[in-house]
Amino acid sequence: MLRDQSFDAPIPGMSMTHELGARPWQSPPKLASVDDAIEYYLERMSSEEFLEQLTDVMEMGVPVTSIANTIQLGNVMEGIHSIDVGILVLPVLVEMMMLVGDSAGVKYDSGLSKEAPMNEKRTRSTLVAKTARKLQKQLNEMESNKEDKPMVDEPIKMEEEEMPEEKPKGLMGRRK
Amino acid sequence: MRGFNPALVTHMNLDLDKIISEEKAPTKNTGLLAPKKSMMNKGQEKINNPLYRVANHVKILRDKRNEIKDA
């Protein structure tokens, strides 16, 4: 039986199409030790903007472990620290995020329990906001369509009107 | 099914009690010619272990979280 082939996968040897060291993760990391990395993360995570975004994402039901892993992988890709340091830092990131969630009073999914996510049956406020935005957009589009309709229809009618042909009246006029 | 997430594994495997257990005080050699520091343990101090430092950070954060929960 033939399998569906995926053509999204990288071509063999594709990773060697750039010079060695051209990618950020191929050059020495900016932060070499665990302590430097922890300090970097704690500083970043204490900013107001980050805290707002983090609480929003946590409220959406994204597991904390997934957020932590995504953040550390992103920094590995940018060459901030090595993957080893990233793995070592992960528990600190998870704990820090849970502390942020607890202090902000947000109900979050830690991703550590095997049970179903805590907010599976709960209507998320972010989902409500998203739906409301979508509905508002649709209403606006409908209103703008109503306003535009008469202006659009008029010139079309003008084009459709046929000019009455003048019938030849003279004796020598052509007959059909 | 949940995919592999190293954050989950590292968090679950981080046994704080085991890592941050108090070190036993080494028995002192009383002889005059006894070495002041054990050369065997040189470079094996816990503070040099990144895992120990990470565990300390996690312990501080966890204690703070428990304080918030209890309050």
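A salt bridge here is a side-chain nitrogen of Lys or Arg within 4 Å of a carboxyl oxygen of Asp or Glu. With that in hand, let's tour a predicted model in a few close-ups.

**View 1. A:Asp35 reaches across to B:Arg53.** The side chains of these two residues, A:Asp35 and B:Arg53, form a salt bridge with an N to O distance of 2.7 Å. The pair runs between chains, starting at A:Asp35 in helix α1 of chain A and ending at B:Arg53 in helix α3 (residues 50–70) of chain B. A:Asp35 has a relative accessible area of 28%, so A:Asp35 is partly exposed.

**View 2. Chain A and chain B meet face to face.** Here you can take in the whole contact, to which chain A brings 22 residues and chain B brings 21 residues. About 2,000 Å² is buried between the two chains, and carbon and sulfur atoms give 69% of that area. On the chain A side, A:Glu95, A:Leu99 and A:Leu112 supply 28% of what chain A buries against chain B, more than any other three residues. As for polar links, seven residue pairs are in polar contact between chain A and chain B, with both residues at pLDDT 80 or more. The elements of chain A that give two or more residues to this side are α1 (34–45), α3 (64–77) and α4 (83–104). Helix α4(A) provides the largest share, 12 residues. Sorted by class, the side of chain A that touches chain B holds 13 nonpolar, six polar and three charged residues.

**View 3. A:Glu95 sits among residues of chain B.** This close-up settles on A:Glu95, a residue of helix α4 of chain A. Its relative accessibility is 0%, which means that A:Glu95 counts as buried. Leaving aside residues up to four places away in sequence, A:Glu95 touches B:His11, B:Val58, B:Leu61, B:Arg62 and B:Arg65. Two polar contacts join side chain to side chain: A:Glu95 with B:His11 at 2.9 Å, and A:Glu95 with B:Arg65 at 3.0 Å. A:Glu95 also makes a salt bridge with B:Arg62, where the closest N and O atoms are 3.3 Å apart.

**View 4. Salt bridges join up into a network.** Stepping back a little from A:Glu95, you can follow a network of salt bridges that links A:Glu95, A:Asp102, B:Arg62 and B:Arg65. Across the interface of chain A and chain B, four salt bridges are found. Over all chains, the count comes to six.

**View 5. B:Lys59 and B:Asp63 pair up along one helix.** The side chains of B:Lys59 and B:Asp63 form a salt bridge of 3.5 Å, N to O. Both residues belong to helix α3 of chain B and lie four residues apart, about one turn of the helix. B:Lys59 is partly exposed, because its relative accessible area is 36%. B:Asp63 is also partly exposed, with a relative accessible area of 36%.

**View 6. B:Lys64 and B:Glu67 meet in helix α3 of chain B.** For the last close-up, look at the salt bridge between the side chains of B:Lys64 and B:Glu67, at 3.9 Å from N to O. The two residues are three apart in helix α3 of chain B, so about one helical turn separates B:Lys64 from B:Glu67. With 44% relative accessibility, B:Lys64 counts as partly exposed.

Key
Residues numbered from 1 in each chain as written. Chains lettered and ligands numbered in written order. Predicted model: local features only at pLDDT ≥ 70, side-chain atom pairs only at ≥ 80, totals over all residues. Heavy atoms only, no water. Contact = heavy atoms within 4.5 Å. Buried area = accessible area lost by both parts, 1.4 Å probe. Polar contact = N/O pair within 3.5 Å; in protein donor to acceptor, adjacent residues only side chain to side chain. Nonpolar A, V, L, I, M, F, W, Y, C, P; charged D, E, K, R; others polar. Buried < 20%, exposed > 50% of the residue type's maximum accessible area, 1.4 Å probe, protein only.
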